[in-house]
Amino acid sequence: MDEMTGENADNTAAQRRTELSDLRVVVDRIEGRSVCGLRPGDSFDVTCSSRLSIPAGRHFCLYALSAVLPLLPAAQRSVDPDDWLASDEVACPDPEERLIMRIERTGRRSIPTEDLT
């Protein structure tokens, strides 16, 4: 088995790509009383692995955001459909609000692996 030269290793690394989904997190429903000002249909997008954007003139509750953030890297990747990480629903931790968000995959992109952290 031959070892790769530095040049070949660099070329191989440059060719490696990671497939990730772009995501939209949408407020699906509010089963309690809305305190944070969100309403069904409010959303934010995650693109290019880590870019979060909120539609102009809108906001997203910090507590709802904190509930969904840890799940987004798994949602960007392919997981077994029976894995609990494949679930698209996430609840805000505020028990009075009972805000339910839905994670949607809006597209796939191939990113050079060396561009990711």
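Q: What makes Leu23 and Val46 a cross-strand pair, and which strand holds Val46?
A: Leu23 stands opposite Val46, which lies in E2. The strands here are DSSP runs of E with at least two residues, and helices are runs of H or I with at least four, all numbered from the N terminus. This is a predicted model, where local features need pLDDT of at least 70 and side-chain atom pairs count only at pLDDT 80 or more, while totals for chains, interfaces and linings use all residues. Residues are numbered from 1 along each chain as its sequence is written, and side-chain values use heavy atoms, with hydrogens and water left out.

Q: How do you know that strand E1 (residues 17–30) and E2 are paired?
A: Two strands pair if DSSP finds at least two bridges between them. Four bridges join E1 to E2, so the pair meets the definition. The two strands run antiparallel.

Q: What makes E1 and strand E5 (residues 99–112) a pair?
A: Happily, the same test answers this one: at least two bridges are needed, and E1 and E5 have 13, in the antiparallel sense. Within this pairing, Val26 stands opposite Arg102 in E5.

Q: What joins E2 to strand E3 (residues 51–53)?
A: Three bridges do, in the antiparallel sense, and Asp45 stands opposite Ser53 in E3. E2 and E3 form a hairpin with three residues between them. In that turn, Cys48 has a positive phi of about 50°.

Q: Why is strand E2 (residues 43–47) called largely enclosed?
A: Buried means under 20% relative accessible area, exposed means over 50%, and partly exposed is in between (1.4 Å probe, protein chains only). Four of the five residues of E2 are buried, so E2 is largely enclosed by the rest of the structure. For the protein, buried residues make up 27% of the 117 residues.

Q: Why is Leu69 called partly exposed?
A: Its relative accessible area is 39%, which falls between the 20% and 50% limits. Leu69 lies in the loop between helix H2 (62–68) and helix H3 (72–76).

Q: Which residues form a nonpolar patch on the surface, and what makes a patch?
A: The residues are Leu52, Ile54 and Leu69, with about 230 Å² of accessible area together. Patch members need over 30% relative accessible area and no salt bridge, with nonpolar side chains joined within 5 Å and like charges within 9 Å. A salt bridge is a side-chain nitrogen of Lys or Arg within 4 Å of a carboxyl oxygen of Asp or Glu. Leu69, at 39%, is over the 30% limit.

Definitions and conventions:
Accessible areas come from the Shrake-Rupley method with a 1.4 Å probe; for residues, only the protein chains shown count as cover.
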